[in-house]
Amino acid sequence: MSMLPIVSRGVKFPNLVKLIGSHNPATQANAIGLINNLLLKEKSTPITLDTVGNIREALRTYVQGRSATFGKEMKHEMYVFQVLTLNRLTPRAFQRYDPKNEAHVQMLQYLSDACFPEPVPSSGSRNSTTVAAATQGKKLGFTNNPPWSDFNETPPGLLALDCMCYFAKNQPDVCSKWVTDNLSRGEYQCPFGKSSIGVTKILYEVLKIGNPPSGGTSDYLPIFYAVGNMFFEIFCLCIQLVNKTWREMHATLTDIDRVMMFVRRQIDTGLNERPQTIEHLKNILWALTYQKIMEMIEGEKAAKEESTSQAAPVKNLREQIRPEVVRLVETQRLAFLVDGTHFHTYSAGRPRKGSFGIVAFRRTTSSCTMAT
């Protein structure tokens, strides 16, 4: 019989958070280990976002600063807490927009108001309102009509709308400028809505959200503990990266999948550098220009081709077909010699008009002959 239900009823999270502040590494590791087990059984032990935030802050304050002295167990528990915290975003990523849900409607309206303070004129009729919504949706960079149907793809579902609203709320000037600047770029416009949904999906996949913790893994992200709301903060950075890469590629709407492919590579590479802060991550990402990524891809392709060409099966095949290739080349060159080569004939150092000579190999005499 599992003792966890009994433990979860008797153990209070504030007490566990206090234990994280202990100077004893073993006590800290045991405390975070118990917290992780309780998070795994969260259905029976509801945990608020504030509590999770307090735990993360305690780990940042009392543990993260001493990461150089971490044992394998503590690193693993830090990784598990990161995974379990990010996995709390999963339900939202699989929730679709419901036009009858007032909260969903208000979020989309908030996003529209934040990007375009001036409302679209409407006569008040139902048809006029629908047209106005479609117009705003197109300006926001959504591809479907009605605009909210773009959030039907899961993942990222409503998590993408959460990210967009977070961007609009926390960086309103940057968000508004992002959208309005692109409206004046004609065919080179980068669509905010479609790009945001794409970036959210990339982050969801790159961070492996929704997957259970891997046993024995201790490869956590330092930035997770340095930044509150890490997922949303990274989104705010990466949606600006999309705009930057889009312009570097001189992309149009038909290139969006290709742009997202490069952005995914930029994000993946940037996070693999284990940045300590958002500013650190920004410096890494901004250095990974489109040209830089192209050079990386071409270098990897060349290295792969070189590795493949030196593989034992390729070498064996090369030796097997070499005699046949040599015979084929000899046959082709001999045929070329037998057919002969035409050239101008000269008189007094000048080419003679309409007069040509030919040099050809004669098999009967095994020698070259010339005729005019």
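Modeller: Partly exposed means a relative accessible area between 20% and 50%, with buried under 20% and exposed over 50%. Keep in mind that this is a predicted model.

Biologist: Okay, why is Leu-317 called partly exposed?

Modeller: Leu-317 comes out at 49% relative accessibility, and exposed needs over 50%, so partly exposed is the label. Leu-317 sits in helix α17, residues 312-339, and joins Ile-321, Val-325 and Val-329 in a nonpolar surface patch with about 300 Å² of accessible area together.

Biologist: And what makes Ile-293 buried?

Modeller: Its relative accessible area is 0%, and buried means under 20%, so Ile-293 qualifies. Ile-293 lies in helix α16, residues 290-309.

Biologist: How do you know that Lys-201 and Glu-153 form a salt bridge?

Modeller: Their closest N and O atoms are 2.8 Å apart, and the cut-off is within 4 Å, so the pair counts. Lys-201 is in helix α11 and Glu-153 in the loop between α8 and α9, so the bridge ties together parts that are 48 residues apart in sequence.

Biologist: What about Asp-181 and Lys-177, how far apart are they in helix α10?

Modeller: Four residues, which means about one helical turn separates Asp-181 and Lys-177. They meet in a salt bridge at 2.7 Å, N to O. Lys-177 has 52% relative accessibility, over the 50% line, so Lys-177 is exposed.

Biologist: Last one: why is α13 called oblique to α14?

Modeller: The two helices pack at about 130°, with axes 10 Å apart. That angle lies between the 115 and 145 degree limits, so α13 is oblique to α14. Their crossing is right-handed.

Conventions:
Residues are numbered from 1 along each chain as its sequence is written. This is a predicted model: local features need pLDDT of at least 70, side-chain atom pairs count only at pLDDT 80 or more; totals for chains, interfaces and linings use all residues. Side-chain values use heavy atoms; hydrogens and water are left out. Patches are made of residues with over 30% relative accessible area and no salt bridge: like charges are joined within 9 Å, nonpolar side chains (Val, Leu, Ile, Met, Phe, Trp, Tyr) within 5 Å. Accessible areas come from the Shrake-Rupley method with a 1.4 Å probe; for residues, only the protein chains shown count as cover. A salt bridge is a side-chain nitrogen of Lys or Arg within 4 Å of a carboxyl oxygen of Asp or Glu. Buried means under 20% relative accessible area, exposed over 50%, partly exposed in between (1.4 Å probe, protein chains only). Axes are lines fitted to C-alpha atoms, for helices over the stretch in contact, and angles run from 0 to 180 degrees between N-to-C directions. Angles under 35 degrees count as roughly parallel, over 145 as roughly antiparallel, 65 to 115 as roughly perpendicular and the rest as oblique. A crossing is left-handed if the near helix is turned anticlockwise from the far one by less than a right angle, and right-handed if clockwise.
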